[in-house]
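Please examine the sequence and the three-dimensional structure shown here before reading the report.

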Amino acid sequence: FTSPMTRFRVLYDMEYLDMDCNGLPFDPLTWVDDSVGTYATNFAIALAGILTAVLLAVVRKRKEADTLLMVGIFASAAVGFFVAGVGHIVFRTNDAPYFKAVYSLSYAFNGLSGLLVLQYGLKLIDCFGSTDEGAMYKYKRGVYIVLSLAAVVPIILSVVWSSLLVVIAMNTIAAFLLIFAYLRRATTKPNIKNNRWYYVLKAAGVVTTVTSGIVQLFLRSKCGSEAAYKDCFRECPFKNPAVFNHNGLFHIIYLVGMILLAWGEVQAPSLLLGEDILTTGKRQTDDTFANQGNIEEMKL
């Protein structure tokens, strides 16, 4: 079974030629988006993701920060976009051998990134308030596990249907949870008052990544859908969609959001080692982490 959204990344079809649209260069043998702007920005995101993952791994040791989930978020997104970039170069038709398999792999890694974003947001939200132990700890850990397992379902569906839309929907929900967690943490945690603008920066980064997907969906109807083919791309704002199109713009905006988030997390990690009740089963006090923060300042 193939989802209709398998055609999500298809840029051209033969109707373009049938309508005698000669204003743009067109290869009648290419049915999918193989534009330079698309795969080049795919690889740019992959490079930024890997570099950020390495930096966060270093931060984990230097600042005693719990950055493991963030390392996974950036690394899995990097792999997902890298695989998609390879697909944009290699495949010329959407019925080519391994086309579905390659893009399903890309969606799986991007879905994994979204799952880790969900888990990170849940952990940040759980860090508010007073010490939780016993029944409350078990309850919160149970909610964390159930929601994490539920998020696996759309990842499986995206692989089975080769559907990017399923991944986008899940990742958007996870992103809004993380935005809420960042903003709430910035306004409720007294020990991070000197780093609050970094939390706003992180939230802005996540908002930017969500915006990138919205822009892609909006412009797709003008630069990549069947309606756009029949209209000879007259409504597309790009001068030459065969070189740079809605997918390329989506990737650039996403990259900006990724950099903002990376900057914020590297400079001011959201979780310190031992702070996460879901891992430790108990919570240290805000005074403990304020003291750790003072020690870090003295080291600097």
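The report below treats confidence, overall fold, a pocket, a salt bridge and three individual residues.

## Confidence in the model

The structure is a predicted model. Across the protein chain the average pLDDT is 78, and 73% of the residues reach a score of at least 70.

Two stretches call for caution. Over residues 1–10 the pLDDT stays under 50, although the model has 35 contacts beyond four places in sequence for this stretch. Over residues 280–300 the pLDDT also stays under 50, and here too the model has 35 contacts beyond four places in sequence. Where pLDDT is low, predicted coordinates should not be read in detail.

## Overall fold

How many helices and how many strands does the protein chain have? There are 11 helices and 0 strands. Followed along the sequence, the pattern of the chain is therefore written with helix symbols, as α-α-α-α-α-α-α-α-α-α-α.

The protein chain has 300 residues, of which 49% count as buried. Among the contacts in the chain with a separation of 6 or more, 77% are made by residues 24 or more positions apart.

## The second largest pocket

The second largest pocket has a volume of about 550 Å³. Its lining consists of 32 residues, and those closest to the pocket centre are F81, N110, N171, T209 and Y254.

Which helices supply at least two residues each to this lining? They are α3 (68–90), α4 (99–126), α6 (164–188), α7 (196–223) and α9 (246–267). By residue class, the lining of the second largest pocket comprises 20 nonpolar, 11 polar and 1 charged.

## A salt bridge between two helices

A search of the whole structure finds 1 salt bridge. The side chains of K202 and E265 form a salt bridge, with a distance of 3.7 Å from N to O. This pair joins distant parts of the chain, since K202 belongs to helix α7 and E265 to helix α9, 63 residues apart.

Are the two partners, K202 and E265, buried or exposed? Both K202 and E265 are buried.

## S212 and K222 in helix α7

Helix α7 contains S212. Why does S212 count as buried? The relative accessibility of S212 is 0%, and a residue is buried when this value is under 20%, so S212 meets the condition. Leaving aside residues up to four places away in sequence, S212 touches F250, I253 and Y254. Of these, Y254 has already appeared among the residues closest to the centre of the second largest pocket.

K222 is also placed in helix α7. The relative accessibility of K222 is 24%, which lies between the 20% limit for buried and the 50% limit for exposed, so K222 counts as partly exposed. In sequence K222 and F233 are 11 residues apart, while in space their C-alpha atoms are 6.4 Å apart.

## Y98 in a loop

Where does Y98 lie? Y98 is found in the loop between α3 and α4. Both α3 and α4 are among the helices that supply at least two residues to the lining of the second largest pocket.

The phi angle of Y98 is near 70 degrees, a positive value in a residue other than glycine. The relative accessible area of Y98 is 65%, and exposed means over 50%, so Y98 is exposed.

How values were computed:
Residues are numbered from 1 along each chain as its sequence is written. This is a predicted model: local features need pLDDT of at least 70, side-chain atom pairs count only at pLDDT 80 or more; totals for chains, interfaces and linings use all residues. Side-chain values use heavy atoms; hydrogens and water are left out. pLDDT is the predictor's confidence in each residue, from 0 to 100. Contact means heavy atoms within 4.5 Å. On a 1 Å grid over the protein atoms alone, a cavity is a set of points where a 1.4 Å probe fits but cannot get out, and a pocket is an open set with protein on both sides within 12 Å along at least five of seven lines; lining residues have an atom within 4 Å of a point. Grid points are joined across faces, edges and corners, and a volume is the space filled by probe spheres set on the points. Helices (H or I, at least four residues) and strands (E, at least two) are DSSP runs, numbered from the N terminus. Ala, Val, Leu, Ile, Met, Phe, Trp, Tyr, Cys and Pro count as nonpolar, Asp, Glu, Lys and Arg as charged, and the others, Gly among them, as polar. A salt bridge is a side-chain nitrogen of Lys or Arg within 4 Å of a carboxyl oxygen of Asp or Glu. Buried means under 20% relative accessible area, exposed over 50%, partly exposed in between (1.4 Å probe, protein chains only).
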